[in-house]
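I opened this entry to record what I looked up in the structure. I went from the whole chain to single residues.

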Amino acid sequence: MKWLKALNKVQIPTKGNIKTLEVGGKQLCIINNEDKIIATQSFCPHAGGHFSGGWFKNGHLVCPVHRYEYNLKTGRGAEGQGDYIHIYPTELREDGLYIGFEESWWSKLWG
Ligand code: FES
């Protein structure tokens, strides 16, 4: 796992808010749901809606376009959707928020 710093502590979104940013070449949404910080992909797998205008309901992220719902722990779409979103590991450190990225086999070989 490769950890990259995403935000300083003061930049972390406040409760109920979503911030979009690019980390490690990927556009992510950083979400504060009930003071839990979660990082997800920023585009909805259904039809490409942007999660920045979304909201939270019972531990799910709701896409603002067609209201599909995604579990904020597992990334799984609600029953019947058959899709999922990527949830990135987060770590709050002294100097800010870090996001974990899986290292692929080729990056281990070639750096
Ligand atoms: S684009 Fe997100 S629910 Fe359709």
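**Loop between β3 and β4**

I began with Glu34, which lies in the loop between β3 (26–33) and β4. The model is a predicted one, and I kept that in mind throughout. I looked up the backbone of Glu34 and found phi near 55°, a positive value in a residue other than glycine. I noted the general background: most residues other than glycine have a negative phi. I then asked whether Glu34 is buried or exposed. Its relative accessibility is 60%, so Glu34 counts as exposed, the cut-off being over 50%.

I went on to Asp35, which also has its place in the loop between β3 and β4. Asp35 has a positive phi of about 65°, although it is not a glycine. Asp35 counts as exposed because its relative accessibility is 54%.

**Whole chain**

I stepped back to the protein chain and asked how many helices and strands it has. I found one helix and ten strands. In sequence the pattern is β-β-β-β-β-β-β-β-β-β-α, with the helix written after the strands.

Next I looked up the dimensions. Along its principal axes, the C-alpha trace of the protein chain spans about 40 × 35 × 20 Å. The radius of gyration is 14 Å; a compact globule with 111 residues would have one near 13 Å, so the chain agrees with that expectation. I noted that 38% of the 111 residues count as buried.

I also checked contacts. Among contacts in the protein chain with a separation of 6 or more, 40% come from residues 24 or more positions apart.

For the surface, I wrote down an accessible area of about 6,900 Å² for the protein chain, with 49% of it belonging to carbon and sulfur atoms. For the charges, I have 13 positive and 11 negative, and their mean positions are 1 Å apart.

**Open sheet**

I then traced the strand order. Four strands form an open sheet in the order β2-β3-β4-β8, and the pairing is antiparallel. The edge strands are β2 (18–23) and β8 (87–88), each pairing on one side only. I looked at the partner of β8: strand β4 (residues 36–41) pairs with β8 in the antiparallel sense over two bridges. Which residue of β8 does Thr40 stand opposite? I found Ile87 there.

**Hairpin**

I moved on to β9 and β10, which form a hairpin with two residues between them. Strand β9 (residues 90–93) pairs with strand β10 (residues 96–101) in the antiparallel sense, over four bridges. I picked out Glu91, whose bridge partner in β10 is Tyr98.

**Arg76**

My last entry concerns Arg76, found in the loop between β7 (69–71) and β8. Arg76 has a relative accessible area of 59% and is therefore exposed. What does Arg76 touch, not counting residues up to four places away in sequence? I listed Glu69, Tyr70, Asn71, Asp83 and Tyr84. I also looked up the distance from Arg76 to His86: the two are ten residues apart in sequence, and their C-alpha atoms are 8.7 Å apart in space.

Note on methods:
Residues are numbered from 1 along each chain as its sequence is written. This is a predicted model: local features need pLDDT of at least 70, side-chain atom pairs count only at pLDDT 80 or more; totals for chains, interfaces and linings use all residues. Side-chain values use heavy atoms; hydrogens and water are left out. The radius of gyration is taken over C-alpha atoms; the globule rule is 2.2 Å times the number of residues to the power 0.38. Buried means under 20% relative accessible area, exposed over 50%, partly exposed in between (1.4 Å probe, protein chains only). Contact means heavy atoms within 4.5 Å. Accessible areas come from the Shrake-Rupley method with a 1.4 Å probe; for residues, only the protein chains shown count as cover. Lys and Arg count as positive and Asp and Glu as negative; His and the chain ends are not counted. The place of a charge is taken as NZ of Lys, CZ of Arg, CG of Asp or CD of Glu. Two strands pair if DSSP finds at least two bridges between them.
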